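Reader: Hi! I'm new to this one, could you walk me through it?
Author: Happy to, let's take a look together.

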Amino acid sequence: MTELERKQDRAPVPSEWTYASAPEARDIVTLQERYGHYVGGEWLEPRETYTTISPATEEPLAEVGQATPEEVQAAVAAAREAFSNGWSDIAPSERAKYLFRIARILQERSREFAVLESLNGGKPIKESRDVDLPLSAAHFFYYAGWADKLEYAFPNQRPRPVGVAGQIIPWNFPLLMLAWKIAPALAAGNTVVLKPAETTPLSALLFCDVLRQAELPPGVVNIVTGDGRTGAEIVKSEGVDKVAFTGSTEVGKAIQRELAGTGKKLTLELGGKAANIIFDDAALDQAVEGIINGIYFNQGHVCCAGSRLLVQESIYEPVVEKLKRRLTTLRVGDPLDKNTDVGAINSKQQLDKIQELVASGAEEGAEIYQPPCRLPEKGYWFAPTVFTNVAQSYRIAQEEIFGPVLSILTFRTPEEAVEKANNTPYGLSAGVWTEKGSRILWMAERLRAGVVWANTYNRFDPSSPFGGYKESGFGREGGRHGLEPYLELT
Ligand code: NAI
Ligand code: MG
């Protein structure tokens with residue numbers, strides 16, 4: 001017997017079956033102390049800065065710039081110059097080569113980006129590694145393929161680029177939202193000024209290094225960091241021809257007001273309050289996995305999250321029981337641990353919002369369930385939560401919580417399911433779980449949602465257009481549709 005075997009022989013049987021921690025090595029990421037703005041292919045020393053942190057530990061990570069109006073103007077001017085002096089005229093097949101290069105470099109550096117994304121944003125490494133990074137690269141590959149085929153995508157319409165695109169993105173999928181914005185813009189021959197969200201600037205700043213590696217001509221992509229003030233400067237800048245925004249409905253409405261009458265093109269991808277609808281003939285265990293993925297993926301910081309569960313009354317009890325049991329197996333904690341299912345809440349501000357809405361649910365009369373779990377002391381955390389006894393009028397059934405919080409409602413007939421699902425100011429996505437193909441089609445026809453998933457949830461593919469109805473915004477990203485907002489067609 002070896003020493004190890006003797007030890008194992010004597011080791012007591014664990015009273016609780018658990019995993020040992022499996023942290024991803026952090027040293028693949030080299031952070032700078034301070035970052036500037038990436039303008040015209042150079043780093044511009046920022047005039048004002050703030051500190052970006054890790055939401056899991058509150059540890060400061062780096063100083064980043066808070067772009068002033070002058071700095072935004074410099075970025076817009078660089079984008080304009082790059083647009084006029086070559087980028088819009090080079091052979092489309094050459095543009096495609098840059099996009100292919102960017103996609104390949106993202107694949108090569110995917111572990112580095114995944115670690116950085118989890119560090120700065122709080123999402124589990126399992127998700128940044130298996131979802132954010134592969135999808136970001138896939139998006140560049142996909143639009144690289146369109147760059148020299150625009151004439152075929154829009155036959156007899158003479159597709160031409162719009163000019164300079166101002167792009168403002170949120171913190172829930174920082175690199176992926178960057179890819180959704182930049183890839184179609186460049187494929188169509190535009191240049192870009194992009195602003196990442198104030199809490200998650202680091203992956204966009206690392207992306208500038210990818211642009212250098214790909215030898216993208218200077219000024220084609222410019223990145224400025226900062227909060228909403230910087231975003232507002234981009235929106236109102238006269239040198240910007242097209243604005244693309246993903247974020248809150250409130251800011252989306254303000255941008256629409258600002259741009260009314262200016263002739264600038266605009267696409268908005270805003271909030272959601274999606275129904276995930278479970279019929280009594282659905283495969284229940286699979287449906288429960290779909291419910292979990294629908295609302296606890298990325299801590300529920302997902303615009304298309306399945307935050308309203310509609311369960312057919314006859315299966316209400318088994319579904320709730322299975323769901324609660326499954327909830328106890330979710331591992332909440334260190335985003336860099338490969339076993340972690342639910343990471344940190346992205347910011348103090350978002351945690352406050354979740355806490356306030358959850359308190360309102362309990363006050364209005366819903367019943368709350370949270371599995372026993374120990375939350376870390378430092379950082380921003382919220383336990384996975386389920387509300388039962390929810391009335392349609394409660395705020396937790398109406399408002400976007402954008403956290404790991406599920407509200408359960410019931411229905412009897414398919415007609416009632418449709419009516420309840422559509423009873424929201426939003427219309428981004430929906431889920432339907434049933435064994436009957438005819439019912440899937442019947443439901444999909446009636447649900448006022450940009451995406452309807454059947455017997456799955458939160459599935460993304462660059463070839464599939466994504467976007468909303470009503471207060472979820474307008475315009476589509478992904479697919480051939482995603483090129484349209486970046487083109488003038490005559
Ligand atoms: P937000 O809409 O304020 O921020 C999104 C982006 O817009 C950030 O880059 C921000 O700096 C920028 N921004 C803020 N004010 C701006 C302005 N006046 N002009 C131009 N850009 C501006 O969203 P926030 O405050 O981070 O989150 C609030 C709520 O919004 C969340 O709780 C969630 O319900 C929703 N949200 C929805 C998202 C989605 O994917 N549809 C993403 C992020 C938030
Ligand atoms: Mg805001």
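Author: A polar side-chain atom of lysine 353 lies 2.7 Å from an oxygen atom of ligand 1, a polar contact (a pair of N or O atoms within 3.5 Å). This is a predicted model, where local features need pLDDT of at least 70 and side-chain atom pairs count only at pLDDT 80 or more, while totals for chains, interfaces and linings use all residues. Residues are numbered from 1 along each chain as written, chains are lettered from A and ligands numbered from 1 in the order written, and side-chain values use heavy atoms, without hydrogens and water.

Reader: How much of ligand 1 does the protein bury?
Author: The protein buries 87% of the 810 Å² that ligand 1 exposes when taken alone; these areas are Shrake-Rupley values with a 1.4 Å probe.

Reader: Cool! Which polar side-chain atom lies 2.8 Å from an oxygen atom of ligand 1?
Author: One belonging to glutamine 350. A polar backbone atom of leucine 270 is also 2.7 Å from a nitrogen atom of the ligand.

Reader: And which residues come nearest to ligand 1?
Author: Of the 27 around ligand 1, these are Trp171, Glu198, Ser248, Lys353 and Glu400; a residue counts as near if one of its heavy atoms lies within 4 Å.

Reader: New topic: at what angle do the axes of helix H7 and helix H8 cross?
Author: Roughly 55°, and the axes of H7 (residues 174–187) and H8 (residues 202–213) come within 8 Å. That makes H7 oblique to H8, as angles under 35 degrees count as roughly parallel, over 145 as roughly antiparallel, 65 to 115 as roughly perpendicular and the rest as oblique.

Notes
Polar contact = N/O pair within 3.5 Å; in protein donor to acceptor, adjacent residues only side chain to side chain. Axes fitted to C-alpha atoms, helices over the stretch in contact; angles between N-to-C directions. Helix = DSSP H or I, 4+ residues; strand = E, 2+ residues; numbered from the N terminus.
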